[in-house]
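Work through the exercises below with the model on screen. Try each task before reading its solution.

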Amino acid sequence: MSLTTFPVHIFVSNQSLENPSSVINIELDGKQIFQKHMSTGTQHTWEKVRDTISLSEGAHSLSISEVNTNISKSQEFIVRGELWIAVTFHGQESGFKIDIFDHPIAFM
């Protein structure tokens, strides 16, 4: 029996004016897939996390943290088809936002 897998595209951006220099760490199903120093810049800088990831159909977990401030967020999601995930860091007050789409997303 073969498992059905789908492509998942993850993008991340530091949108914080409070923390314009942040180290963002992302784990997928408990395994680190991204850690990078990110500057706020113009707030329109997006980084693709690795190449496209293939995930099996079903439940998965995304955990994001900012290393210097220890701000974190976790979110469960279900894979039933190709997904696009946008992760934004907004600083100490607002933390992280995770948006999951079943269609390609455009960045300004």
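**Exercise 1: Overall fold**

The protein has zero helices and nine strands, where helices (H or I, at least four residues) and strands (E, at least two) are DSSP runs numbered from the N terminus. This is a predicted model, in which local features need pLDDT of at least 70, side-chain atom pairs count only at pLDDT 80 or more, and totals for chains, interfaces and linings use all residues. Residues are numbered from 1 along each chain as its sequence is written, and side-chain values use heavy atoms, with hydrogens and water left out.

Task: compare the radius of gyration of the protein with that of a compact globule.

Solution.
- Step 1. Take the radius over C-alpha atoms; the globule rule is 2.2 Å times the number of residues to the power 0.38.
- Step 2. For 108 residues, the rule puts a compact globule near 13 Å.
- Step 3. The protein has 14 Å, which agrees.
- Step 4. Add the box: along the principal axes, the C-alpha atoms fill roughly 50 × 30 × 20 Å.
- Step 5. Add burial: 42% of the 108 residues count as buried. The classes are buried (under 20% relative accessible area), exposed (over 50%) and partly exposed (in between), with a 1.4 Å probe and protein chains only.
- Step 6. Add contacts, meaning heavy atoms within 4.5 Å. Among contacts between residues at least 6 apart in sequence, 55% join residues at least 24 apart.

**Exercise 2: The open sheet**

Task: in what order do the four strands of the open sheet lie?

Solution.
- Step 1. Pair the strands; two strands pair if DSSP finds at least two bridges between them.
- Step 2. Read off the order S3-S2-S6-S7, with antiparallel pairing.
- Step 3. Find the edges: S3 (31-39) and S7 (71-79) each pair on one side only.
- Step 4. Check the turn: neighbouring strands are turned by 15° against each other on average, direction ignored. Axes here are lines fitted to C-alpha atoms, for helices over the stretch in contact, and angles run from 0 to 180 degrees between N-to-C directions.
- Step 5. Zoom in on S2 (residues 21-28): eight bridges join S2 to S3. Isoleucine 24 faces lysine 36 of S3 across the pairing.

**Exercise 3: Salt bridges**

Task: which residues form the salt bridge that includes lysine 36, and which residue pairs with aspartate 99?

Solution.
- Step 1. Apply the criterion: a side-chain nitrogen of Lys or Arg within 4 Å of a carboxyl oxygen of Asp or Glu. The structure holds two such bridges.
- Step 2. Glutamate 47 and lysine 36 meet at 3.0 Å, N to O. This pair links distant parts of the chain, with glutamate 47 in S4 (residues 47-48) and lysine 36 in S3, 11 residues apart.
- Step 3. Classify both: glutamate 47 is partly exposed at 25%, and lysine 36 is partly exposed at 34%.
- Step 4. Aspartate 99 pairs with lysine 97, with the closest N and O atoms 3.8 Å apart. Aspartate 99 is partly exposed at 25%; lysine 97 is partly exposed at 44%.

**Exercise 4: The S8–S9 hairpin**

Task: how many bridges join S8 to S9, and which residue in the turn has a positive phi?

Solution.
- Step 1. Six bridges join S8 (residues 83-89) to S9 (residues 96-101), and the two run antiparallel.
- Step 2. One of the bridge partnerships is tryptophan 84 with phenylalanine 101 in S9.
- Step 3. Six residues separate S8 and S9 in the hairpin, and glycine 91 in the turn has a positive phi of about 105°.
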